[in-house]
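Subject: Structure handover

Hi,

Here is the structure I promised to pass on. Have a look at it in your viewer, and my notes follow below.

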Amino acid sequence: QSALVAPEVFRAVGILSVPYTPPGGPRPSEMFAQMGGEEEFYVSYFQEPGRAESEIEPDVRGWLAGFYRALSGDTMAGPDPHFVTRDGGTLRERFPAGALPSWLTEEELGFYAAEFERTGLTGALNRYRNMDRDWEDLAPYAGAPIKQPSLFIGGRRDASTMWLSDAVDAYPHTLPGLTGSHLLDCGHWIQQERPDDVNRLLLEFLGSL
């Protein structure tokens, strides 16, 4: 979105994990509310102020550990962690137990947890609560491609990549300046799960500009 509204500032774009989709389409809150059928999609769950905070903040460390496991390629297992039951369910109920992902140490987890305990989760979750405003602000850019040189790196086992496979297929039209599209054998946390590969691809891309 920054590249769309200020191409004179952002002369190239590296897109990590979530495929690019041009602005437009249905209002986000309405679209996400329709996903999941009898269950509720996590974005809708996050959009209600205070609701996710009440689940996460009493045990930030435990919640983060489960969340990281659920979306990491080497520990993901069990029910889909992107949905909650509509009868008061929580995301935590879907998280796998067991060891931390191989890329995450107890010390690192403690640092992340301490930062969220210090700040609370509302600031991070407000990103989801602003989606309708973004949609309104970006209406003039509906359907617009990113024309600058671009690179995409995603995780082969990441739900974002699988759900948005049509967006990847549309890259010749939506990212006409694309220099490379790469799927790594990992989950959602590609920078942590495959740091050497991500760094190499980014450096090669930046060096080609």
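A quick word on naming before anything else: helices are DSSP runs of H or I with at least four residues, and they are numbered from the N terminus. On that basis, S44 lies in helix α3. Keep in mind as you read that this is a predicted model.

Staying with S44: is this residue buried or exposed? S44 counts as buried because its relative accessibility is 12%, and the cut-off for buried is under 20%. Leaving out residues up to four places away in sequence, S44 touches F32 and A33. S44 and V84 are 40 residues apart along the chain, and their C-alpha atoms are separated by 9.9 Å.

Now R86, which sits in the loop between β3 and α6. R86 comes out as partly exposed, at 44% relative accessibility. Which residues does R86 touch, once those up to four places away in sequence are set aside? They are A33, M35, G37, E38, E39 and E40. For one of these, E38, the C-alpha atom is 7.1 Å from that of R86, with the two positions 48 residues apart along the chain. There is a backbone partner as well: a polar atom of the R86 side chain lies 3.3 Å from the backbone oxygen of G37.

S17 is the one I'd click on next. You'll find S17 in the loop between β1 (13–16) and α2 (28–33). With a relative accessible area of 5%, S17 is buried. S17 also has a positive phi, about 75°, although it is not a glycine. A polar atom of the S17 side chain lies 3.1 Å from the backbone oxygen of H188. Beyond the residues up to four places away in sequence, S17 touches F152, I153, G154, D158, S160, T161, H188, I190 and Q191.

On to the nonpolar cores. In soluble globular proteins, nonpolar side chains tend to be buried together. Here the largest nonpolar core has 28 residues, and F46, W63, L64, Y68, L91 and L109 are those with the most contacts inside it. At least two residues of this core come from each of α3 (42–47), α4 (51–56), α5, β3 (83–85) and α6 (106–119). Which element gives the largest share of this core? That is α5, with seven residues. If you want one residue to start from, try W63: leaving aside neighbours within four places in sequence, W63 is in contact with F46, E55, I56, L91, R92 and F95. Another core, of ten residues, lies apart from the largest one, and its members include V13, I15, A144 and L175.

Last, a pocket you may want to look at. The second largest pocket holds about 170 Å³ of space. Its lining is made of 15 residues, and A70, M76, P81, H82 and R157 lie nearest the centre. The elements giving two or more residues to this lining are α5 (60–71) and α9 (159–163). With three residues, α9 provides the largest share. How does the lining of the second largest pocket divide by residue type? There are nine nonpolar, three polar and three charged residues.

That's what I have so far. Shout if anything is unclear.

Cheers

Methods. Residues are numbered from 1 along each chain as its sequence is written. This is a predicted model: local features need pLDDT of at least 70, side-chain atom pairs count only at pLDDT 80 or more; totals for chains, interfaces and linings use all residues. Side-chain values use heavy atoms; hydrogens and water are left out. Buried means under 20% relative accessible area, exposed over 50%, partly exposed in between (1.4 Å probe, protein chains only). A polar contact is a pair of N or O atoms within 3.5 Å; within protein, one must be able to donate a hydrogen and the other to accept it, and residues adjacent in sequence count only if both atoms are side-chain atoms. Contact means heavy atoms within 4.5 Å. On a 1 Å grid over the protein atoms alone, a cavity is a set of points where a 1.4 Å probe fits but cannot get out, and a pocket is an open set with protein on both sides within 12 Å along at least five of seven lines; lining residues have an atom within 4 Å of a point. Grid points are joined across faces, edges and corners, and a volume is the space filled by probe spheres set on the points. Ala, Val, Leu, Ile, Met, Phe, Trp, Tyr, Cys and Pro count as nonpolar, Asp, Glu, Lys and Arg as charged, and the others, Gly among them, as polar. A nonpolar core is a set of buried Ala, Val, Leu, Ile, Met, Phe, Trp, Tyr and Cys residues joined through side-chain atoms within 4.5 Å.
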